[in-house]
Structure formats: structure tokens, C-alpha cells
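Visitor: Good morning. Could you take me through this protein, one topic at a time?
Guide: Certainly. Please look at the structure as we go.

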Amino acid sequence: PVQHPADDPNSDIVTTHFTFEYLHDTLLKLDELGHDIPTKYKYLERYSNTSVMDVAMNDKSVYELFLSTKPLGVTPEDIDCNIGTFGLPEFGTRFVIKMVEEAKPKSFADLLQISGLSHGTDVWTGNAQDLINEGICDISHVIGCRDNIMNDLIGYGVEKSHSFKIMEAVRKGKGLTPEFESEMRAANVPDWYISSCKKIKYMFPKAHAAAYVMSAIRLGWYKVHIPIAFYCTMFTVSPGGFDAEIVMGGKRKVVETIRNIEKRGKEASPKEQASIPTLQLVNEAFARGFKFLPVNIIKSDASAFVPEDGKIRMPFSALGGLGENAAANIVAARAEEPFFSVEDLQIRAKLSKSVIDILRKCGALEGL
């Protein structure tokens, strides 16, 4: 390893680089994507006293999440979804959930295919989706990631360097030259495969797909086996419009809010639409028997959702109209000494009257 010349010699942080000569014979590209994934790992470990890296990648109950809601102990009607992937990286959106339901993945390799298909252009709709629905092939054999093309063609007997060039052309949306198509047919590459290659505009690399799937499996393990750590982590790191007032209305209020936003469609504000994934997770947590504890001036954190006696204690940041600075000020002042009156809280935490009113309305000031 060599120190980067741009590193500050007075800093404790050093960027480590390796010269290519040390790596070129054994280079493996595997990206850890998603800027908030490391933060989620940190909270999962904090709330569960387990290491994320020790999570089994072959737990059958985790893979069952991609087929049904059974591992969650709920019915599809309870959460308005046939599978249990809400909250899992890249597998929790309605579009990908529908894709998973149709593909019926049974292995890590199948999930790689789905991740590749969901990030490509013209690889699923009107392409792989039709091949699966028509019974021509299953999720394991459609073209999911760009790497598949080269490996598949080499397997059929196409010359290796040509297989690579075909992969590069297809994944960039350039299709097939007459010469390459003729070579593929000579190697008995199926017509459906050749046709699929011609439709593709962009393909995802397998290294990226692997990173997403590994993260999904790890988070899925906590969702199945230590769910309170999973939900507290998800709401802390990706709150996505979490509203304590709605949540305190219970499961019925949450479901009503989701349906109202979906019913209004594009008329709903972008903020409302962006809150749906969080509301779906809240609804799922309710369905699994978890309770949310109200914001409390003594027990709540500034922004972290904290496990408390098997329940989830909501933070100050979950209150609409109460900003990050106010939440941080409350916790900082409380750490110095307990509050003995509402006036003491307002002065020491530097809170406005409107923030005090918000705290009073939700019952957070009870006891002061």
C-alpha cells in the first residue's frame, strides 16, 4: 500500500492505494452500493449485539421472503403484499416486487438475475418478462446481467474474444452485427436468446447486482430473526417522512393514509408519495405485533428509533414541525441535567413556543 500524495500529513485519515501490479492476477470487483447501507449495518449491530458479517447467506427463511410472507408470520392481506421484501435494498419497490412475484427466485443466483433486470433498460418489460410468462425459459436462464452474455456464449461455443465483444455491444444497446448473429446461430444459440440481445439498451454489471443482493440478504436475516433491530434501524437511517401523529393513530390510520395517497396518485405531493415505503414498513411492523411508544421528553432520542421492552420508542425527529436542531438541543440539554419544568426545557434547549406546543400536543411533556 502507498499513501496518496494528496493526503493531508496532519490528518489522522489516510487513503490507502495498492499498485495494479499487486492485484492484476487476482482482481475481484465487488462494489458495496447504497450510501446508507454501512450506516444500517452499524445500527443493526448496535440494536442486536450481532455482527452483520456473520449473518448466514443461505438461510432458507430469508429466501422465503422473496416467495411469501410466511417468515414474517403475517398474511398477504395483513400487509397488502404477497411477499416479504418491504425495506430490503432494491427489492422493496412495487415495480421490483411485481418482478419478484413473477420470477419466483429460488437461489442467490436468481436474485442476481432480478437485480440485474431491475436496473437494466429494455431487459425486463417486453423481454425477459415475456419469456418467463410464456414458459420459454425461467429466471435462471434469461439474460439478467451483462456478464451472463459472455459466459453464456462461451458455453455455447462462440469464440471467447467474440463473446466478449458481443457482450459489450449488447450491454451498450448497439445490438448484434450480421456477422455476430451468424456466428451465434452457427453455435446453436436459441432464437429467443438472439432476439433478447437485440432488444437490450443497457445492462447492469453482476458485481453491482451481487452487492445489492448481499445487502438484501443480510438485512432480510434481521427482518426474520431480530425484527425489532431491523425496524428500528430502517426508521432511523431511512425515515422517509415518518410521521408520529399518523403512527400513533394505529394500523388503521396508517393503512388509510397509504390508500388515500395511492388513490390521489399524481395529485398527492412528492413528499406524500415518498412516504409510502415507510408507511408500508410501519404497517408491516404493526401486523407483526410491534407497538410504537410515543415521543417522551425523558426517554426519546433526537433521531434514533430505539428498542424499549420489545417496543419501538419514537424520537423527537418523528414529530412534524420539530426540526433537527430542536431535537438535538433537547437531548444535549437533558444530558446535562433533567428538566424540572416546561419553562426550564424551553430556556435550556432554546425552543420556540411552537415547538413547545408540538411537544405538548403529542403528550411528550407529561410529568413536567
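**Surface and overall layout**

Guide: The protein exposes about 19,100 Å², and carbon and sulfur atoms supply 53% of that area. Please keep in mind that this is a predicted model.

Visitor: What helices and strands are there in the protein, and how many of each?
Guide: The protein has 19 helices and five strands.

Visitor: And what does the C-alpha trace span along its principal axes?
Guide: The trace spans about 85 × 60 × 40 Å.

Visitor: How many of the residues are buried, as a percentage?
Guide: Of the 368 residues in the protein, 47% are buried.

Visitor: What about contacts along the chain?
Guide: Consider the contacts between residues at least 6 apart in sequence. Of these, 59% join residues at least 24 apart.

Visitor: Changing topic: where are the mean positions of the positive and negative charges, relative to each other?
Guide: There are 42 positive and 48 negative charges, and their mean positions are 5 Å apart.

Visitor: Now for pockets. How much space lies in the largest pocket?
Guide: The largest pocket holds about 560 Å³ of space. It is lined by 27 residues, and the closest to its centre are Gly-87, Leu-88, Gly-92, Thr-93 and Pro-277.

Visitor: Which helices supply at least two residues each to that lining?
Guide: Helices H1 (37–48), H12 (227–237), H15 (270–274) and H16 (276–287) each do so. The most comes from H16, which gives five residues.

Visitor: You mentioned Gly-92. How many Å is Thr-75 from Gly-92 in space?
Guide: Their C-alpha atoms are 17 Å apart, and the two residues are 17 apart in sequence. Thr-75 is placed in the loop between H2 and helix H3 (76–79).

Visitor: Is Thr-75 buried, exposed or partly exposed?
Guide: Thr-75 is partly exposed, because its relative accessible area is 35%, and that class lies between the limits of 20% and 50%.

Visitor: On to backbone angles. What is phi for Asn-49?
Guide: Phi of Asn-49 is near 55 degrees, a positive value in a residue other than glycine. Asn-49 is in the loop between H1 and helix H2 (60–64).

Visitor: Buried or exposed, that Asn-49?
Guide: Asn-49 has a relative accessible area of 73%, so it is exposed.

Visitor: What about phi of Lys-104?
Guide: Lys-104 is not a glycine, yet it has a positive phi of about 50 degrees. The residue sits in the loop between helix H4 (94–103) and helix H5 (108–119). Its relative accessibility is 48%, so Lys-104 counts as partly exposed.

Visitor: Let us move into the helices. Where does Leu-112 lie?
Guide: Leu-112 lies in helix H5. With 11% relative accessibility, Leu-112 counts as buried.

Visitor: Which residues is Leu-112 in contact with, leaving aside neighbours within four places in sequence?
Guide: Leu-112 is then in contact with Cys-145, Lys-206, Ala-209, Ala-210 and Val-213. As for Pro-190, that residue is 78 residues from Leu-112 along the chain, and their C-alpha atoms are separated by 22 Å.

Visitor: And Ser-196, buried or exposed?
Guide: Ser-196 is buried, because its relative accessible area is 4%, and buried means under 20%. Ser-196 lies in helix H10, residues 191–199.

Visitor: What does Ser-196 touch, not counting residues up to four places away?
Guide: Ser-196 touches Asn-127, Leu-131 and Ile-143.

Visitor: One last residue: where is Lys-251?
Guide: Lys-251 is part of helix H14, which covers residues 250–264. At 29% relative accessibility, Lys-251 counts as partly exposed.

Visitor: What is Lys-251 in contact with, neighbours within four places left aside?
Guide: The partners of Lys-251 are Asp-78, Asn-283, Phe-286 and Ala-287.

Visitor: How far apart in space are Lys-251 and Ala-285?
Guide: From C-alpha to C-alpha, Lys-251 and Ala-285 are 9.2 Å apart, with their positions 34 residues apart in sequence numbering.

Key
Residues are numbered from 1 along each chain as its sequence is written. This is a predicted model: local features need pLDDT of at least 70, side-chain atom pairs count only at pLDDT 80 or more; totals for chains, interfaces and linings use all residues. Side-chain values use heavy atoms; hydrogens and water are left out. Helices (H or I, at least four residues) and strands (E, at least two) are DSSP runs, numbered from the N terminus. Buried means under 20% relative accessible area, exposed over 50%, partly exposed in between (1.4 Å probe, protein chains only). Contact means heavy atoms within 4.5 Å. Accessible areas come from the Shrake-Rupley method with a 1.4 Å probe; for residues, only the protein chains shown count as cover. Lys and Arg count as positive and Asp and Glu as negative; His and the chain ends are not counted. The place of a charge is taken as NZ of Lys, CZ of Arg, CG of Asp or CD of Glu. On a 1 Å grid over the protein atoms alone, a cavity is a set of points where a 1.4 Å probe fits but cannot get out, and a pocket is an open set with protein on both sides within 12 Å along at least five of seven lines; lining residues have an atom within 4 Å of a point. Grid points are joined across faces, edges and corners, and a volume is the space filled by probe spheres set on the points.
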